[in-house]
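Me: I'm new to this one and would like to know what the labels on it rest on. Could you take my questions one at a time?

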Amino acid sequence: KSYSNKAVVSTQSGHYGRGIQILFECYVNLVFSRSTPAVKENMIEFLMVCNKTGAIRVVRDYSFKPVPEPRNLLNQCLRRNNHNQCSFFMKKADDNSDEQLIIFRQYASLYFIIGTSPKDNPMSYFAFIHNLVETLNAYFNNVCELDLMQNVDRAHMILDEMVVNGFITESNRSRVLAPIAVLDKSIGIKKT
């Protein structure tokens with residue numbers, strides 16, 4: 001049987017302590033098994049949302065590699081956008097250790113930038129950026145830079161529901177927004 005089946009059976013029979021212990025063991029195994037170098041192939045190293053001037057609005061770092069300087073990275077993205085080139089490119093890391101695959105997409109005045117390993121499929125991350133923006137639009141009713149500045153905690157919560165430890169875990173918009181709606185309801189925030 002899998003861990004989840006054992007946890008459900010033990011919690012239904014009244015042994016909450018054992019069920020919680022099994023869930024904790026599953027979580028620890030998940031976290032530490034994904035930190036091995038063999039699994040880091042399909043992992044987001046960083047995700048950054050910034051405006052056209054390079055001001056960072058949301059940033060998440062999922063690896064131990066340094067996040068590139070946002071202005072330099074944004075300048076490369078702007079140059080590629082002006083010349084109608086594709087929206088992903090290879091970039092040497094700032095510490096000259098490895099190359100990173102940079103995927104970016106512009107929505108209005110915001111740039112969504114993802115850094116990942118060179119072996120990953122850039123189109124999947126390109127679609128993920130679109131899914132993230134659609135989810136932010138659903139929560140904020142047409143997200144803009146001001147929404148991200150004033151509700152950075154909500155933006156991080158949405159991102160944390162979608163990406164765990166650098167891996168995309170959820171793409172269903174209603175499942176991502178459900179815990180945040182419960183939190184908003186519990187503290188009395190009404191969304192229109």
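Reply: Sure, let's start with L110, which is found in strand β5 (residues 110-116). This is a predicted model, where local features need pLDDT of at least 70 and side-chain atom pairs count only at pLDDT 80 or more, while totals for chains, interfaces and linings use all residues. Residues are numbered from 1 along each chain as its sequence is written, and side-chain values use heavy atoms, with hydrogens and water left out.

Me: What makes β5 a strand?

Reply: Strands are DSSP runs of E with at least two residues, helices are runs of H or I with at least four, and both are numbered from the N terminus. β5 covers residues 110-116, so it clears the two-residue minimum.

Me: Why is L110 called buried?

Reply: Buried means under 20% relative accessible area, exposed means over 50%, and partly exposed is in between (1.4 Å probe, protein chains only). L110 comes in at 4%, so it's buried.

Me: Which residues does L110 touch, leaving aside its neighbours within four places in sequence?

Reply: Contact means heavy atoms within 4.5 Å. By that rule L110 is in contact with V49, C50, N51, R57, R105, C144, E145 and L148. Take C50: it's 60 residues from L110 along the chain, yet their C-alpha atoms are separated by 5.6 Å.

Me: C50 and C144 both sound like cysteines to watch. How many disulfides are there?

Reply: A disulfide is a covalent bond between the sulfur atoms of two cysteines. The rule here asks for a pair of cysteine sulfur atoms within 2.5 Å, and the count comes to zero. As for accessibility, C50 has 0%, so it counts as buried, whereas C144 has 34%, so it counts as partly exposed.

Me: Back to β5. How do you know that β4 and β5 pair?

Reply: Two strands pair if DSSP finds at least two bridges between them. Seven bridges join β4 (residues 99-107) to β5, and the two run antiparallel, so the pairing rule is met. Within this picture, Q106 stands opposite Y111 in β5.

Me: What is the order of the strands in the open sheet?

Reply: Five strands form it, in the order β2-β1-β5-β4-β3, with antiparallel pairing. β2 (56-61) and β3 (88-92) stand at the edges because each has a single partner strand, leaving one side of each without a neighbour in the sheet. Neighbouring strands are turned by 20 degrees against each other on average, direction ignored.

Me: K91 is in β3. Is K91 buried or exposed?

Reply: K91 has 10% relative accessibility, so it counts as buried. Not counting residues within four places in sequence, its contacts include P68, L73, D98, E99 and I102.

Me: Which helices lie across the strands?

Reply: α4 lies across β1 (44-51), β3, β4 and β5, at about 40 degrees to β4. α6 lies across β1 and β2, at about 35 degrees to β2. For these angles, axes are lines fitted to C-alpha atoms (for helices over the stretch in contact), and angles run from 0 to 180 degrees between N-to-C directions.

Me: What about N131 in α4; why is N131 called buried?

Reply: N131 has a relative accessible area of 17%, so it falls in the buried class. Outside its neighbours within four places in sequence, N131 is in contact with M162 and S171.

Me: How do α6 and α7 cross?

Reply: The axes of α6 (residues 152-162) and α7 (residues 173-187) come within 8 Å and cross at roughly 145 degrees. The contact is made by R154, M157, I158, E161 and M162 of α6 and V176, L177, P179, I180, L183, D184 and I187 of α7.

Me: What kinds of residues make that contact?

Reply: Nine are nonpolar, none polar and three charged. Ala, Val, Leu, Ile, Met, Phe, Trp, Tyr, Cys and Pro count as nonpolar, Asp, Glu, Lys and Arg as charged, and the others, Gly among them, as polar.

Me: And why is I180 called buried?

Reply: I180 has a relative accessible area of 1%, so it's buried. I180 lies in α7, and beyond residues up to four places away it touches Y139, R154, M157 and I158. I180 and R154 are 26 residues apart in sequence and 7.7 Å apart in space, C-alpha to C-alpha.

Me: How many helices and strands does the protein chain have?

Reply: Seven helices and seven strands. Buried residues make up 36% of the 192 residues in the chain.
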